[in-house]
Amino acid sequence: MKDIKSMLPEEIAADFAELGEPRYRAKQVYKWLTRGVGSFDEMSDIPKSLREKLEKQYTIYKPKVIKKQVSKLDGTIKYLWELYDGNAVETVVMSYKHGNTVCVSSQVGCRQGCAFCASTIGGLVRCLEPSEILDEVLFSQIDSGKQISNIVLMGIGEPLDNFDNVVRFLKLVNDSDGMNIGMRHISLSTCGITERFDELADLNLQLTLSVSLHAPDDETRSKIMPANRGRGVDELMACCKRYYEKTGRRISFEYIMIDGVNDTEYHARLLSKHAKSVCAHVNLIPMNHVDEREFRPSPLGHMKAFIKILEENGVNVTVRRKLGGDVDASCGQLRRKIQKGKEC
Ligand code: SAH
């Protein structure tokens, strides 16, 4: 059985041609899929005999909402979805002046082991299928009634550790007969799986690559991000530079401010140097507290001093607005609480 929602429209058309079905049938079926149907039976303009044939060859799954939380502070919505095998992932819908952004997960759990992150605590369970990532966008839009205009791959998981499925998802969500979300409205965030940067650059997708840097030197970075061990900041910067040169797209560095760990003057100066060397924009993130983690967010004073150094060095810096603080809207927090039996 094939997962039809992970197939590109031209692949569905090729299958239908083999079945002896006209091209317009493939288009009709694809259109139903993009509207979020849960079975072939709902496709009312497809003859019953064909629906029965398709049911034997393909699967269609529709994720179920296990939990939906709406922030009283800012309307941010957090979904916990149940997947076909009982696993769960999170999706967050945030409303900004320029439109609605959805933050999607790319894996169930994560193997990267970042010391400040809730998503990685139970390790990696499995990668998400292209259709499952697409469903996060589609069903968030359908359930919330909010038209999604931007996507960030910043939920649970490491997108470049699920490379092929993520690229297929990007093609599906970008398809003009599908959700039609422009690549320039999509950001992919990575902890720095450098071996994949060239491959991604070669696809020339025009999305925004966000690198979770979080420390500018190997000693600090390897301590809080195991992905740095064996790769190193110099290699990461060289890959970022090549990516920028190949695609012409400026990279964004994500930087969580952690008290006493990565927020000193030394870190700010070295970060400035790296950002300038690859023309990166720096996005500072106030750290969200995670129960199991000992780290504390940097006090406001440290943050201000840090920003001042970056600005003095001519670095383009912004501070991420905190949304959904009352709905555990940070990376793996809700799934983690449910695993521990603290919620539901
Ligand atoms: N694996 C990818 C994408 C998922 S994490 C990556 O590493 O980029 C998405 C972002 O949330 C990353 O920048 C990550 O570092 C950040 N994040 C993780 N835990 C956080 C926390 N406790 N507070 C604030 N941001 C956090």
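Two residues are said to be in contact when heavy atoms of theirs lie within 4.5 Å. With that in mind, a welcome first view of this predicted model comes from how its chain meets itself: among contacts between residues at least 6 apart in sequence, 66% join residues at least 24 apart.

The overall build can be taken in next. The secondary structure comes to 11 helices and 14 strands. The radius of gyration is 21 Å, close to the 20 Å that the globule rule gives for 344 residues, so the protein is as compact as a globular protein of that length. Taken along the principal axes, the C-alpha atoms fill a box of roughly 70 × 45 × 40 Å. Of the 344 residues, 56% count as buried. The protein exposes about 15,000 Å², and carbon and sulfur atoms supply 49% of this area.

Turning to the interior, the largest nonpolar core holds 97 residues. Those that touch the most other members are Phe116, Val137, Leu170, Phe253, Val282 and Leu284. Helix α5, which spans residues 163–174, contributes the largest share of this core, with 7 residues. A second, separate core has 5 residues, among them Val92, Met94, Cys103 and Met154.

Val137 is a helpful residue to follow on the structure. Leaving aside neighbours within four places in sequence, Val137 is in contact with Val102, Val104, Ile148 and Ile151, and also with Phe169, Val173, Met179 and Ile181.

Aromatic rings offer another set of landmarks, and the count comes to 4 aromatic pairs. In one of them, the ring centres of Phe40 and Tyr58 are 6.4 Å apart and the planes stand at 50 degrees, so this pair is tilted. Phe40 lies in the loop between α2 (23–34) and α3 (48–57), while Tyr58 belongs to strand β2 (residues 58–59), so the pair ties together parts that are 18 residues apart in sequence. Phe40 and Tyr58 are both buried.

Tyr79 and Trp81 form a stacked aromatic pair, with 4.8 Å from centre to centre and 15 degrees between the planes. Both of these residues, Tyr79 and Trp81, are buried as well. A charged side chain also meets a ring: Arg35 lies over the face of Trp32, at 4.6 Å from the ring centre.

Note on methods: Residues numbered from 1 in each chain as written. Predicted model: local features only at pLDDT ≥ 70, side-chain atom pairs only at ≥ 80, totals over all residues. Heavy atoms only, no water. Core = buried A, V, L, I, M, F, W, Y, C linked by side-chain atoms within 4.5 Å. Buried < 20%, exposed > 50% of the residue type's maximum accessible area, 1.4 Å probe, protein only. Helix = DSSP H or I, 4+ residues; strand = E, 2+ residues; numbered from the N terminus. Phe/Tyr/Trp six-rings, centres within 6.5 Å; stacked < 30°, edge-to-face > 60°. Lys NZ or Arg CZ within 6 Å of the ring centre and 35° of its normal. Rg over C-alpha atoms; globule rule 2.2 N^0.38 Å. Areas by Shrake-Rupley, 256 points an atom, 1.4 Å probe, with all protein chains shown as cover.
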